[in-house]
Amino acid sequence: MGHRLLNLNEPPVEGGGVSIMLQKDTKPISRVKCINPPDAVPCVWNITEIRTAETYPVAGLPRCFVRPASENYHQKREWGLFVGFLRKHKRVAHASSEECDLYILPPVVDEDFSQISVAYQEKKGSPALNHPEDGLKDDIPQECNDGHKSVSLPSTATKDQRVCMYSKKTSSDLDVQHPSTSQVPFSCGQDVLREDVAESSAANCRGAPSVASASKLLQKGHSSKEKDMPRCVDSSVHNLADISFKKNYMRTDPSYLVTLSHTHSGWIFGAIAELVDNSRDAKALSLLISVESFYSKQAVRKIPVLCVIDDGHGMPHSDIVRMLSFGHKQPDECNRDYIGRFGIGFKSGAMRLGQDAIVLTQNDNSRSVALLSQSYNKGKDNLEIPIVSYRREGSFMEVDTNIHSQASADYHLNAIKEFSPFNEYFIGEKLALFGECGTGTQIYIWNLDKWGSNYTLDWVGPKEGINSPNHCEGDILIRSRRIRTRPGQISREVLLDYSLQSYLEVIFLVPRMRISIQGSLVKSRPLAKSLSKTCMVKGEIVGRDVELTLGYSHHEWQRANCGIFLYWHGRLIEAYKRVGGMVHNADMGRGVIGVIDVTDLMDDDNGQVMVLNNKQGFQDCELYAKLEEWLGNRCDEYWDNNFDKLSLRKSSANHKPDHEWVQCDKCRKWRVLSAGSNSDTLPSEWFCYMPPFCGNCEIVEQKVGRGVITVGTKRSGTNGKQEIVQVEEVPETSEANLTDIGDDKKVGPVETDDPHFLEPAMTPYFSHRHAMKSFVCIW
């Protein structure tokens with residue numbers, strides 16, 4: 001009869017027995033455990049009819065037993081009503097599967113409901129032997145041969161003990177959801193348990209002591225050679241397996257979903273970044289993020305739902321099981337373009353954003369729907385994740401019976417419909433967004449995280465027309481508008497800490513994906529290409545090469561920001577990290593921004609990475625400490641060489657980056673504009689053939705060498721031509737002309753009739769240099 005079907009969503013076996021879901025017309029009654037089951041027992045028993053005992057010829061059929069293993073109060077109540085009905089009316093419940101017919105018998109009057117008998121009859125064509133329990137014939141063969149080994153039963157064995165079972169596991173015999181069941185911690189290991197018993201059973205059939213067999217099995221472990229071994233199991237072996245050497249599989253309590261959400265408890269945008277990372281790893285070209293209102297039957301009203309939709313390559317069934325599993329084997333090779341690493345990104349991110357999430361995914365030949373829900377698992381002892389997969393041929397779609405049975409698919413689909421705002425029609429409507437030949441993944445999250453009586457996220461849609469003076473970009477904000485804590489930081493204007501638009505502008509070192517938030521396109525901003533006075537610094541840390549880009553951003557100077565942006569695998573890990581003198585002086589390094597990719601430094605040769613699993617920081621290790629020291633020294637040198645000797649006058653000067661860059665909306669390549677061009681005047685959708693580039697998408701992306709500086713024009717009050725820059729030397733300031741500001745800190749007086757003049761900040765940093773040569777740049 002082949003091996004029993006594995007259900008990766010069933011709870012682990014506790015105290016022996018096979019876990020079964022008992023249903024009536026596809027509606028669940030209770031979880032039960034089957035003792036001494038038939039060789040090929042389905043994981044779901046769907047009762048189709050209940051009749052009198054005289055209707056079914058159950059006399060002489062072999063028996064097994066079931067006992068309740070209810071997951072919640074509802075199942076416990078339904079079990080009592082079901083068994084009470086059978087006993088009161090003396091009825092037999094019939095469940096049928098492809099392997100056998102099952103007859104659940106009514107309990108006798110003096111029995112309780114803790115265990116009832118089940119008669120079963122294997123169907124014709126089953127490879128297993130069919131031995132009735134009652135009246136077992138004495139002429140049962142004493143030797144069981146599977147084509148490889150023969151095992152003889154001792155003459156002293158009882159009739160009940162002489163039950164010979166064959167197990168030849170093939171991929172077609174197992175109803176698995178992933179090639180490696182070890183990656184699915186919420187799966188059941190009952191089949192592995194029955195494999196463990198095999199050698200001990202055969203030894204007992206030869207007359208060897210059962211304890212010795214158990215000891216041998218424990219020393220040998222689970223061997224692949226045991227898969228083809230015939231198994232002669234008696235009751236004593238079952239008891240020994242249950243007590244002595246059964247493999248232990250830990251259950252996953254649903255509260256673990258809440259524990260995972262704490263990974264991003266410090267910053268909720270870290271949870272959204274996990275979903276964005278998955279889209280980038282799937283090679284998506286477009287990503288849509290928005291909050292929409294869906295009607296919920298449970299809430300009896302419309303509720304906000306966070307939607308994340310990409311056009312990546314989608315996932316087959318094995319990949320979506322891997323994504324929903326808790327951790328997975330880390331890749332042996334380091335792929336610089338791949339971010340996913342720890343196996344908890346989707347779970348930790350989705351559960352931080354809300355209590356429930358549904359995943360719709362489609363690739364070239366399959367579709368899958370999965371539900372990760374705290375609401376669905378409330379009150380259960382073990383985490384259950386419904387997954388339904390379909391085989392796809394163009395527009396034709398059907399349940400993939402190579403993965404699960406139709407009954408199992410119906411059970412999971414009913415759970416998804418009951419505990420989500422989606423029914424089969426709404427799911428079909430959303431999947432239709434992919435089109436017949438399209439691929440991608442859609443994630444919908446509801447019961448969003450709360451901030452007091454409101455939601456943690458605050459979303460705004462685009463207002464007015466794109467060319468309107470009152471135009472406002474759509475955005476998703478953190479309601480508190482709180483700034484993340486950084487050593488040495490006093491600025492309260494760090495938009496990326498609470499604006500998703502600002503965060504996703506710089507999340508990738510080389511942005512390629514087109515991202516939209518609330519209907520507004522995110523204007524990607526590669527930091528290294530948006531600085532002035534750019535300086536490339538190369539160095540070596542513990543024998544590994546590093547390269548740092550330093551420059552000045554007047555935009556950040558106005559907000560009193562500075563620091564280093566650290567990227568790993570092209571993904572932003574830390575922003576505005578102050579190093580060197582920046583940590584101790586709020587004005588030192590003001591406006592200086594550094595960009596560095598530390599992939600080669602933080603990825604160990606042994607496959608270990610020094611990045612935290614929430615991808616918002618680095619481990620406290622020697623490499624990171626030396627990196628901080630090196631960055632501090634380089635930033636201090638850059639400040640001394642470029643800014644410490646300057647006295648700045650601010651008039652109507654134009655502070656532009658060294659180069660004007662613009663990204664093509666088709667090829668996603670970055671183009672350098674000619675001198676005097678202003679990217680602000682370009683249309684919202686710009687392509688390579690448009691002026692001022694006037695090229696095509698086949699042209700290779702430019703790289704500007706070191707030391708090239710473009711001098712821009714004034715934004716207003718000029719004839720549009722570039723002005724000549726005058727540099728005049730200011731005489732050294734004498735000690736007598738310095739004004740005392742206390743604590744031996746002195747600064748020279750500044751006299752000017754310019755109403756737009758901004759005096760330099762009077763900080764202790766200038767106190768130790770009383771005489772210096774300064775330059776005043778006049779436009």
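## A talk through the model

Biologist: Let's start with A560: in which loop is its place?
Modeller: Happy to begin there, and please keep in mind that this is a predicted model. A560 comes after α12 (554-558) and before β27 (563-568). Its place is therefore the loop between α12 and β27.

Biologist: What is the phi of A560?
Modeller: Most residues other than glycine have a negative phi. A560 is not a glycine, yet its phi is positive. The value is about 60°.

Biologist: And Q518, is it buried or exposed?
Modeller: Q518 lies in the loop between β23 (514-517) and β24 (520-521), and it too has a positive phi, of about 50°, although it is not a glycine. Its relative accessible area is 12%. Buried means under 20%, so Q518 is buried.

Biologist: Which residues does the cis peptide bond join?
Modeller: Most peptide bonds are trans. Here omega is about 5°, and the bond is cis. P692, one of its two residues, is found in the loop between β31 (670-672) and β32 (726-730). The bond joins P691 and P692.

Biologist: Now the helices, please: how do α6 and α8 pack, oblique or parallel?
Modeller: Two packed helices are described by the angle between their axes and the distance between the axes. For helix α6 (residues 269-281) and α8, the angle is about 140° and the axes are 8 Å apart. That angle makes α6 to α8 oblique.

Biologist: Which residues of α8 make the contact with α6?
Modeller: α6 passes α8 in a left-handed crossing. From α6, the contact is made by A271, I272, E274, L275 and N278. By class, the contact has five nonpolar, four polar and two charged residues. On the α8 side, the residues are G345, F346, S348, G349, R352 and L353.

Biologist: How far apart in space are L275 and F346?
Modeller: L275 has its place in helix α6 and is buried, with a relative accessible area of 1%. Leaving aside neighbours within four places in sequence, L275 is in contact with V308, F346, L353, I443 and I445. L275 and F346 are 71 residues apart in sequence, but C-alpha to C-alpha the distance in space is 6.3 Å.

Biologist: What arc do the buried residues of α7 cover around the axis?
Modeller: Helix α7 (residues 317-324) has H317, I320, V321, M323 and L324 as its buried residues. They sit on the same side of α7, because the arc they cover is only 160°.

Biologist: Which elements do those buried residues of α7 pack against?
Modeller: One partner is a helix, α8 (345-353). The others are strands. The full list is α8, β14 (354-362), β15 (366-373) and β16 (387-393).

Biologist: What is the relative accessible area of T549?
Modeller: T549 is found in strand β26 (residues 544-552). Not counting residues up to four places away in sequence, T549 touches A528, T534, C535, M536, I593, G594 and V595. T549 is buried, and its relative accessible area is 8%.

Biologist: One last look at the whole protein: what share of its residues is buried?
Modeller: The secondary structure comes to 14 helices and 35 strands. Among contacts between residues at least 6 apart in sequence, 66% join residues at least 24 apart. Of the 779 residues in the protein, the buried share is 50%.

How values were computed: Residues are numbered from 1 along each chain as its sequence is written. This is a predicted model: local features need pLDDT of at least 70, side-chain atom pairs count only at pLDDT 80 or more; totals for chains, interfaces and linings use all residues. Side-chain values use heavy atoms; hydrogens and water are left out. Buried means under 20% relative accessible area, exposed over 50%, partly exposed in between (1.4 Å probe, protein chains only). Helices (H or I, at least four residues) and strands (E, at least two) are DSSP runs, numbered from the N terminus. The arc is that of the directions from the helix axis to the C-beta atoms. Contact means heavy atoms within 4.5 Å. Axes are lines fitted to C-alpha atoms, for helices over the stretch in contact, and angles run from 0 to 180 degrees between N-to-C directions. Angles under 35 degrees count as roughly parallel, over 145 as roughly antiparallel, 65 to 115 as roughly perpendicular and the rest as oblique. A crossing is left-handed if the near helix is turned anticlockwise from the far one by less than a right angle, and right-handed if clockwise. Ala, Val, Leu, Ile, Met, Phe, Trp, Tyr, Cys and Pro count as nonpolar, Asp, Glu, Lys and Arg as charged, and the others, Gly among them, as polar.
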